[in-house]
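Colleague: Please give me a close look at the pocket region, beginning with the backbone details and stating your cut-offs as you go.

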Amino acid sequence: MNVLDYIMNRIGEKMHMTLIDPAEQSPDEAARIAHEAYEGGTDAIMIGGSTHIKPEDVDKTVIRIKEKVPLPVILFPGGAHMISRYADAIYFMSLLNSTSIEFLVRQQVLGAPIIKKLGIEPIPMGYIIVEPGMTVGKVGKAELIKRDRPEDAAAYALAAQYFGMKLVYLEAGSGAPEPVPPSMIRAVKETIDIPLIVGGGIRKEEDARKIVSAGADIIVTGTLVEEVEDIKGAISRIVRAIKL
Ligand code: 1GP
């Protein structure tokens, strides 16, 4: 399966992706969560999150999910240690507003030969962290985009497009009290021609709807599945709120 084609073919109807952190539960539990999210209508499973993930946990989690769920599994790596041969694709991402060369290009240089050898599909993506940024903002040494500076987010996103990246991801940080502001999403969407992913702090259907109305093509939720009992119900409400 070519995952970028899968995304581009579905983007017109808006998409939801479920982020699962392999460090948070057993591979079997991760597969159960992924299956409920699939039944709720999610379009793809992203694997990532914590920085201290063991490669064997990533492998086991991806294998279990692939056994149970007929959706693309995309790695969302915190570094080159998070590459699994069993995934369908990997976001080949640069944290564009990082102040550290490590997250801008060095981990990517380490990872590129591994990705080639394992034959995983790389999907070039510009990753931009907005206030409050949460853990990923700190770990990634990001110069956070201020919430009242949509033009800064738009300039970074345009740079991503001009670099040839296929997707832009605006991130408020996992567990953020508020998602990326709709006004910022609108400014970015008006500036770029490539699909826009928005994640961080999305729990409520109203927020999901506003984010998509402002121009997001894909929304990502992670924490949501850790907080609710009825994962299928929670995901299906978000999916219904965004699908055109
Ligand atoms: C984190 O944007 C994702 O990279 C998901 O954030 O955990 O807040 O849903 P949440």
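Modeller: Lys-14 lies in the loop between helix H1 (3–10) and strand E1, helices and strands being DSSP runs of H or I over at least four residues and of E over at least two, numbered from the N terminus. The phi of Lys-14 is near 70 degrees, a positive value in a residue other than glycine. This is a predicted model, in which local features need pLDDT of at least 70 and side-chain atom pairs pLDDT 80 or more, while totals for chains, interfaces and linings use all residues. Numbering starts from 1 along each chain as its sequence is written, and side-chain values use heavy atoms, without hydrogens or water.

A second backbone feature is the cis peptide bond that joins Glu-131 and Pro-132, with omega of about 5 degrees; Pro-132 is found in the loop between strand E5 (121–129) and helix H5. Most residues other than glycine have a negative phi, and most peptide bonds are trans.

The largest pocket (an open set of 1 Å grid points that fit a 1.4 Å probe, with protein on both sides within 12 Å along at least five of seven lines) holds about 840 Å³ of space, the volume filled by probe spheres set on the points. Its lining (residues with an atom within 4 Å of a point) has 46 residues, and Gly-49, Phe-76, Gly-78, Tyr-127 and Val-136 are the closest to its centre. Strand E4 (89–95) gives the most to this lining, with 6 residues, while among the other elements that each supply at least two residues are strand E1 (15–20), helix H4 (101–118), helix H5 (134–139) and strand E6 (167–171). By class, the lining has 20 nonpolar, 21 polar and 5 charged residues, with Gly counted as polar and Tyr as nonpolar.

The ligand sits in the largest pocket, in that more than half of its atoms lie within 2 Å of the grid points. Of the 13 residues around the ligand (a heavy atom within 4 Å), Glu-171, Ser-174, Gly-175, Gly-201 and Thr-223 come nearest. An N or O atom in the side chain of Glu-171 is 2.4 Å from an oxygen atom of the ligand, and one in the side chain of Ser-174 is 2.6 Å from a ligand oxygen atom. Taken alone the ligand exposes 310 Å², and the protein buries 96% of that, by the Shrake-Rupley method with a 1.4 Å probe.

Note on methods: Polar contact = N/O pair within 3.5 Å; in protein donor to acceptor, adjacent residues only side chain to side chain.
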